[in-house]
Amino acid sequence: MKKIFVLLLILTLLPLAGCAGESTDSSKIQITATLFPQYDFARHIGGDKVEVTLLLPSGQESHLYDPSPSDMAKISESDLFIYTGDMMEGWAGDIASSVGSDVKILDASRNITLFAHDDDHGHSLDPHIWLDFDNAKAMCANIATELILLSPENEAYFTENLINYTNALTALDNEFKKEFENGQGKELIFGGRFAVGYLTRRYNIKYKSAYDSCSANSEPSVQDITALSDFVKANDIKVVFCEEFSDPKIAREIASANNGEVLVMHSCHNTSREEREQDVTFISLMENNLSNIRKGLQ
Ligand SMILES: [Zn+2]
């Protein structure tokens with residue numbers, strides 16, 4: 001009797017499983033997120049009550065991205081549109097005036113203080129807020145607030161997911177803290193565009209970087225590259241970091257000065273096709289960063 005029941009249950013569920021992900025389920029809150037962090041946060045907090053779409057195509061560099069008409073259509077069909085903030089997606093501010101009032105718009109940096117860093121343009125605000133795990137928690141809380149407004153009957157569910165995910169971020173934060181609480185081994189060397197200022201600031205990480213920001217229009221000088229190459233040689237540094245989706249040429253050049261290797265420091269703006277197939281998460285990417293950092297410190 002029991003077996004028949006289970007079989008019937010499986011048969012009933014099969015058609016549902018078959019169409020998951022292929023078409024939108026109108027019973028779920030439809031969310032469109034610009035970048036990977038808020039996409040992943042929304043998936044974790046919304047759970048099975050939401051369907052989240054990542055607006056950026058896989059592998060797309062995020063700073064050069066501009067929404068296409070079909071992206072705009074996708075946003076218009078959503079219940080909730082989440083972007084990082086005006087410093088990251090300058091175009092997102094105009095979305096409000098071009099989509100209907102039935103799309104809620106969330107600036108995920110609401111209530112978060114951006115820190116300023118010095119670069120060749122002087123003093124600018126760093127938009128990569130998610131790389132400080134307190135900010136990541138605040139982004140999650142902002143997302144939970146919006147979800148509860150959209151679906152008050154699921155408040156307890158979203159709140160529980162938020163608590164669980166916040167705890168996971170705290171555990172991650174503690175792992176990073178532990179790695180640096182007694183100072184650090186070798187200095188970290190960044191040979192690609194530099195996006196992880198929130199991370200280096202949070203844990204007081206000593207580093208040297210060829211690039212002073214994440215922007216593509218700040219190439220390091222020959223003197224800068226030579227100085228870094230001399231530094232890795234003098235300090236026997238075997239690892240040079242490079243950001244995902246950026247040209248590793250300069251990082252390789254610096255690493256080769258001491259027969260070292262180039263490892264990825266994933267800044268999590270976006271993910272590649274392979275990473276999406278593996279269903280990586282913000283936390284798994286950051287765990288991988290930590291394991292690469294450990295190699296860099298040796
Ligand atoms: Zn960036």
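This is a short dialogue about a predicted model.

Visitor: What makes a feature eligible for discussion here?

Guide: In this predicted model, local features need pLDDT of at least 70 and side-chain atom pairs count only at pLDDT 80 or more, while totals for chains, interfaces and linings use all residues. Residues are numbered from 1 along each chain as its sequence is written.

Visitor: Why is Asp236 called exposed?

Guide: A residue is exposed if 12 or fewer other C-beta atoms, placed from the backbone, lie within 10 Å of its own, buried if 20 or more do, and partly exposed in between. Asp236 has 10 such atoms within 10 Å, so it is exposed. Asp279 has 9 other C-beta atoms within 10 Å and is therefore exposed.

Visitor: What makes the phi of Asp236 worth a remark?

Guide: Most residues other than glycine have a negative phi. Phi of Asp236 is near 50 degrees, a positive value. Asp279, which is not a glycine, has a positive phi of about 55 degrees.

Visitor: What is meant by the largest nonpolar core?

Guide: A nonpolar core is a set of buried Ala, Val, Leu, Ile, Met, Phe, Trp, Tyr and Cys residues joined through C-beta atoms within 7 Å. The largest has 66 residues, and among those with the most contacts inside it are Ile143 and Phe241.

Visitor: How do you know where this core lies with respect to domain 1 and domain 2?

Guide: Domain bounds come from an automatic or database domain assignment. Domain 1 (26-172) and domain 2 (177-297) both give residues to the core, so the core lies between them.
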